[in-house]
Amino acid sequence: MTDVVRVEDLRRTFRTGAIEVQAVRGVSFAVTEGAMVAIMGPSGSGKTTLMNMLGCLDRPTGGHYFLGGEDVARKGDDALARIRNRRIGFIFQSYNLLPALNALENVELPLVYRGLAAGERHLLAAQALSEVGLGRLTSFRPYELSGGQQQRVAIARALAGTPDLLLADEPTGNLDSASGEEVLDLFLELHRGGRTLIIVTHDEQVALHCERIIRLRDGEVLLDQPVDARQRRTKGDLGSRAVAP
Ligand SMILES: Nc1ncnc2c1ncn2[C@@H]1O[C@H](COP(=O)(O)OP(=O)(O)OP(=O)(O)O)[C@@H](O)[C@H]1O
Ligand SMILES: [Mg+2]
């Protein structure tokens with residue numbers, strides 16, 4: 001199996017004046033193509049710092065990060081921006097949609113940066129919105145959509161560029177349990193479709209949808225274990241009923 005992600009002794013130290021915080025201190029793991037992995041750990045354990053490096057939003061201060069075999073840890077800003085745009089789909093807790101744009105335009109935005117022609121952009125964005133079950137809501141603005149629908153637009157935006165890797169930082173953190181379940185069901189579908197997913201969560205029930213849980217503490221890997229098949233959550237298994245769009 002190909003490793004989509006491999007980090008070796010990855011480190012990130014923040015310096016603010018005389019104060020030094022070692023947010024990530026020597027983390028190593030690999031994620032194979034098609035895997036669905038949860039990253040857990042208490043507040044301040046380095047989850048977001050790690051995800052930002054995996055998503056090429058930030059650079060490590062030490063160690064290696066191989067994305068699809070290529071060492072990206074020391075790339076310049078422009079190269080990282082290109083890698084982000086083409087190879088990574090990022091999903092944030094707060095959706096990060098632009099309020100003035102409708103769903104289709106939000107999903108298209110990364111493709112605009114990529115320089116695709118309008119016709120191709122519309123097509124790819126419309127396909128991605130259909131894939132997340134929002135094919136009929138393409139002209140809706142974020143404020144006209146529920147939280148769960150907004151997060152699905154954000155997932156469509158992440159998918160539209162056919163990334164190698166989907167990263168989600170607390171994707172259900174702002175959602176009620178029914179909407180959270182919709183989003184998790186969607187992640188399970190994407191996983192079944194062969195996508196590679198890494199999901200940061202505080203919620204053990206969310207993590208149990210994944211095949212494997214990496215637990216961080218104080219910037220280090222405390223535990224890295226597969227989820228027992230008997231404990232694994234499947235579709236519609238958060239204990240509440242999913243709501244149709
Ligand atoms: N830009 C920064 N400058 C200085 N310190 C930072 C910065 N970003 C994170 N840190 C510190 O690094 C440590 C890890 O933070 P991080 O945000 O990665 O934790 P987290 O596991 O995502 O926490 P949470 O569960 O609360 O989101 C914390 O001590 C935090 O204060
Ligand atoms: Mg965080």
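How far is an oxygen atom of ligand 1 from an N or O atom in the side chain of Thr48? In this model, which is a predicted one, the distance is 2.9 Å. I should like to begin with that contact and then describe the surroundings of the ligand.

Two further polar contacts deserve mention. A polar backbone atom of Ser45 is 3.2 Å from an oxygen atom of ligand 1. In the case of His202, a polar side-chain atom lies 3.2 Å from an oxygen atom of the ligand. Ligand 1 on its own exposes 630 Å², and 60% of that area is buried by the protein.

Which elements give two or more residues to the shell around ligand 1? They are strand E2, residues 19–32, and helix H1, residues 47–54. Of the elements, H1 gives the most, contributing three residues.

Let me now name the members of this shell. Phe14, Val21, Ala23 and Pro42 belong to it, together with Ser43, Gly44, Ser45, Gly46, Lys47, Thr48, Thr49 and His202. By character, the shell comprises four nonpolar residues, seven polar residues and one charged residue.

I turn next to Phe14, which is among the residues around ligand 1. Phe14 is part of strand E1, which covers residues 3–16. Is Phe14 buried or partly exposed? Its relative accessible area is 31%, so Phe14 counts as partly exposed. Together with Ile19 and Val21, Phe14 makes a nonpolar surface patch of about 260 Å². Val21 likewise appears in the shell around the ligand.

Finally, I draw your attention to two residues with particular backbone angles. The first topic is Tyr95. Although Tyr95 is not a glycine, its phi is positive, at about 65 degrees. Tyr95 sits in the loop that runs between strand E6, residues 88–91, and helix H3, residues 103–113. Because its relative accessible area is 10%, Tyr95 is classed as buried.

The other topic is Asp218. What is the phi of Asp218 near? The value is near 50 degrees, which is again positive in a residue other than glycine. Asp218 occupies the loop between strand E9, residues 212–217, and strand E10, residues 220–226. Asp218 has a relative accessibility of 53% and therefore counts as exposed. Thus Tyr95 is buried, whereas Asp218 is exposed.

To close, I return to the ligand: Ser45 contributes a polar backbone atom to a contact with ligand 1, while Thr48 and His202 contribute side-chain atoms. Thank you for your attention.

How values were computed. Residues numbered from 1 in each chain as written. Chains lettered and ligands numbered in written order. Predicted model: local features only at pLDDT ≥ 70, side-chain atom pairs only at ≥ 80, totals over all residues. Heavy atoms only, no water. Patch = residues over 30% accessible without salt bridge, like charges linked within 9 Å, V, L, I, M, F, W, Y side chains within 5 Å. Areas by Shrake-Rupley, 256 points an atom, 1.4 Å probe, with all protein chains shown as cover. Salt bridge = Lys/Arg side-chain N within 4 Å of Asp/Glu carboxyl O. Helix = DSSP H or I, 4+ residues; strand = E, 2+ residues; numbered from the N terminus. Buried < 20%, exposed > 50% of the residue type's maximum accessible area, 1.4 Å probe, protein only. Near = heavy atom within 4 Å. Polar contact = N/O pair within 3.5 Å; in protein donor to acceptor, adjacent residues only side chain to side chain. Nonpolar A, V, L, I, M, F, W, Y, C, P; charged D, E, K, R; others polar.
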